[in-house]
Amino acid sequence: MDLGPHAGFILASYGLCLLTVLVLIAWVRLDKVAQEKALNDLADQGIKRARPEDGSTQVS
Amino acid sequence: MAFWDYANPTRFLRFVQVVLPWLTGLCLLLFAVGLYMSFFVAPEDYQQGDTVRIMYIHVPAAWLCMMCYSVMTLSSIGTLVWKHPLADVSAKSAAPIGAAFTFMALVTGSLWGKPMWGTYWVWDARLTSVLVLFIMYLGLMTLWRTMEDPIKAGKAAAVLTLVGALNLPIIKFSVDWWNTLHQPASVMRFDGPTIHPDILWPLLVMAVAFTLMFFVLHLMAMRNEILRRRVRALRMRAASAAQPGPAGAAQPAE
């Protein structure tokens with residue numbers, strides 16, 4: 001596919017957007033892992049919520 | 001189940017667990033269709049040539065950076081007026097996503113501007129007001145990090161968010177109120193879009209894909225924030241229980 005004389009600008013735009021989206025996805029994924037690990041560490045120490053979580057997270 | 005029932009964080013987490021896979025799948029499908037249309041269906045512009053293809057990511061990113069701030073503004077009203085338990089969770093979680101969309105809009109606009117205007121940047125009203133929006137996002141993210149108590153931070157950030165919302169109409173109407181290199185609105189107009197349907201449809205598909213991506217990331221970030229507050233509450237409860245005397249009986253609210 002020929003993107004013409006300004007192909008570098010077009011590809012740089014799409015590339016930077018892709019990179020930004022990947023950073024956002026990594027941020028939410030790593031943050032979720034960190035919070036679940038913290039909750040599980042607390043549960044291992046016997047520190048749990050009064051009402052156990054029955055949603056998506058494995059905390060007890 | 002009423003909308004208000006999702007104020008309960010546990011119910012909200014269950015809702016996210018059900019909705020997220022569907023939203024993610026639809027978002028990926030729309031991105032595949034939108035990118036195919038952007039590169040293989042949409043024609044070149046008669047003046048800009050292929051450079052017009054930057055529009056299919058620049059315009060959705062620009063719309064989303066404003067929509068994200070609008071979501072934060074509504075959430076801030078929810079924090080200050082109704083004290084909704086998830087309102088400041090929503091506002092805090094949206095800020096980094098809004099900053100990322102604003103960054104995308106600024107960078108792609110700059111990369112579009114160089115071949116078309118001959119410059120990466122001019123200090124005109126539209127570009128400057130979007131840069132102010134980017135700085136607002138960064139400022140709000142910093143404010144949330146500087147205050148340890150999420151409830152107090154949420155209230156302070158809500159006030160600042162509402163003040164910053166004054167920038168939204170300035171961004172929208174800057175191209176009408178002042179002379180600028182930036183073109184005036186060509187899609188969201190009272191008299192209808194001025195873009196040819198061959199270019200408009202890929203743009204609309206990409207805009208819906210970007211919108212779904214925002215909601216997917218926002219729901220995921222809200223889920224993380226709820227978990228972070230649970231961790232904080234449990235740690236405070238444990239620390240409080242470890243202290244001797246009456247202070248040990250205190251139970252922090254989640």
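Helices and strands are here DSSP runs, with at least four residues for a helix and at least two for a strand, numbered from the N terminus. On that basis, the elements of chain B run α-α-α-α-α-α-α from the N terminus on. The model is predicted. This briefing covers the architecture of chain B, its contact with chain A, and two individual residues, Phe9(A) and Lys83(B).

**Overall form of chain B**
- The secondary structure of chain B amounts to seven helices and zero strands.
- Along the principal axes, the C-alpha atoms of chain B fill a box of roughly 80 × 40 × 30 Å.
- Chain B has 254 residues, of which 36% count as buried.
- Among the contacts in chain B with a separation of 6 or more, 74% are between residues 24 or more positions apart.

**Transmembrane annotation**
- An unreviewed UniProt entry lists residues 12-41, 61-82, 94-113, 125-144, 156-179 and 199-222 of chain B under "transmembrane region".
- One of these listed spans, residues 12-41 of chain B, is 100% helix and 0% strand, and its end C-alpha atoms lie 40 Å apart.
- Another listed span, residues 156-179 of chain B, is 83% helix and 0% strand, with 36 Å between its end C-alpha atoms.

**Interface between chains A and B**
- In chain B, 33 residues are in contact with 28 residues of chain A.
- Helix H1 (9-41), helix H3 (87-117) and helix H7 (197-242) of chain B each supply at least two residues of the side that touches chain A.
- That side of chain B comprises 20 nonpolar, six polar and seven charged residues.

**Phe9(A)**
- Phe9(A) belongs to helix H1 (residues 7-44) of chain A.
- Phe9(A) counts as buried because 22 other C-beta atoms lie within 10 Å, where the cut-off for burial is 20 or more.
- Apart from its neighbours within four places in sequence, Phe9(A) is in contact with Thr51(B), Ile54(B), Leu111(B), Trp112(B), Lys114(B) and Pro115(B).
- The C-alpha atoms of Phe9(A) and Trp27(A) are 27 Å apart in space, for a sequence separation of 18 residues.

**Lys83(B)**
- Lys83(B) is located in the loop between helix H2 (55-82) and H3 of chain B.
- The phi of Lys83(B) is near 50 degrees, a positive value in a residue other than glycine.
- Most residues other than glycine have a negative phi.
- Lys83(B) counts as partly exposed because it has 13 C-beta neighbours inside 10 Å; a residue with 12 or fewer would be exposed, and one with 20 or more buried.

How values were computed: Residues are numbered from 1 along each chain as its sequence is written. Chains are lettered from A and ligands numbered from 1 in the order in which they are written. This is a predicted model: local features need pLDDT of at least 70, side-chain atom pairs count only at pLDDT 80 or more; totals for chains, interfaces and linings use all residues. UniProt positions are given in the numbering used here, feature names are shortened, and annotations may be inferred rather than shown by experiment. Two residues are in contact if their C-beta atoms, placed from the backbone, lie within 7 Å. Ala, Val, Leu, Ile, Met, Phe, Trp, Tyr, Cys and Pro count as nonpolar, Asp, Glu, Lys and Arg as charged, and the others, Gly among them, as polar.
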